[in-house]
Amino acid sequence: MTFDINNFTTEQLENSELNIHFRAYRNIPYVKEPVSSELQVLNIFIPQDYIDGGAINGYTATTAPIFFPNGIGG
């Protein structure tokens, strides 16, 4: 899988406890010849603190867990 590391949007998630700025890489194909270019894509979100060398709740870019939600339950 390859994608343009410079093709992202800067977004923010905010609620009463958190205010996280992150880079959003959206609609990245993960197969060579997708059957459905709308479905066979993934989104990658990286907190800006990790890009800047910081930490969130004690996690850094090298220690943070990776979360892969699956919207189809499979």
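Strands S1 and S2 (residues 19-29) run antiparallel to each other and are held in register by six bridges. This is a predicted model, so read everything below as a description of that prediction. The link between S1 and S2 is a hairpin of four residues.

Which residues face each other along this pair? Starting from the S1 side, Thr 9 has Ala 24 as its bridge partner in S2. Glu 11 is bridged to Phe 22 of S2, and Glu 14 sits opposite Asn 19, again in S2.

S2 has a second partner as well: it pairs with S3, also in the antiparallel sense and also over six bridges. Here Tyr 25 is matched with Ile 44 in S3. Put together, that gives an open sheet of three strands in the order S1-S2-S3, with antiparallel pairing. S1 (9-14) and S3 (41-47) are the edge strands, each pairing on one side only. On average, neighbouring strands in this sheet are turned by 35° against each other, direction ignored. As a reminder for anyone looking at side chains here, in a regular strand they alternate between the two faces of the sheet.

Here are the bridge partners again in one place:

| Residue | Bridge partner | Strand of the partner |
|---|---|---|
| Thr 9 | Ala 24 | S2 |
| Glu 11 | Phe 22 | S2 |
| Tyr 25 | Ile 44 | S3 |

Next comes the helix. Gln 48 belongs to helix H1 (residues 48-51). Is Gln 48 buried or exposed? Its relative accessibility is 17%, so it counts as buried, the cut-off for buried being under 20%. As for company, once its neighbours within four places in sequence are set aside, Gln 48 touches His 21, Phe 22 and Arg 23. Phe 22 has come up already, as the bridge partner of Glu 11.

Now for the empty space. The largest pocket holds about 1200 Å³. It is lined by 25 residues, and those closest to its centre are Phe 45, Ile 46, Pro 65, Ile 66 and Phe 67. Which element gives the largest share of that lining? S3 does, with six residues. S2 and S3 each supply at least two residues of the lining. By class, the lining breaks down into 21 nonpolar and four polar residues, with no charged ones.

Finally, a look at the backbone. Most residues other than glycine have a negative phi. Asn 27 goes the other way: its phi is positive, about 60°, although it is not a glycine. Asn 27 is in strand S2. With a relative accessible area of 54%, Asn 27 is exposed, since the cut-off for exposed is over 50%.

Asn 57 is another residue other than glycine with a positive phi, in this case near 50°. Where is Asn 57 placed? It lies in the segment after H1. Asn 57 has 71% relative accessibility, so it counts as exposed too.

Technical notes: Residues numbered from 1 in each chain as written. Predicted model: local features only at pLDDT ≥ 70, side-chain atom pairs only at ≥ 80, totals over all residues. Heavy atoms only, no water. Pairing = 2+ DSSP bridges. Axes fitted to C-alpha atoms, helices over the stretch in contact; angles between N-to-C directions. Buried < 20%, exposed > 50% of the residue type's maximum accessible area, 1.4 Å probe, protein only. Contact = heavy atoms within 4.5 Å. 1 Å grid on protein atoms, 1.4 Å probe; cavity = no way out; pocket = protein on both sides within 12 Å on 5 of 7 lines; lining within 4 Å. Points joined across faces, edges and corners; volume = space filled by probe spheres on them. Nonpolar A, V, L, I, M, F, W, Y, C, P; charged D, E, K, R; others polar.
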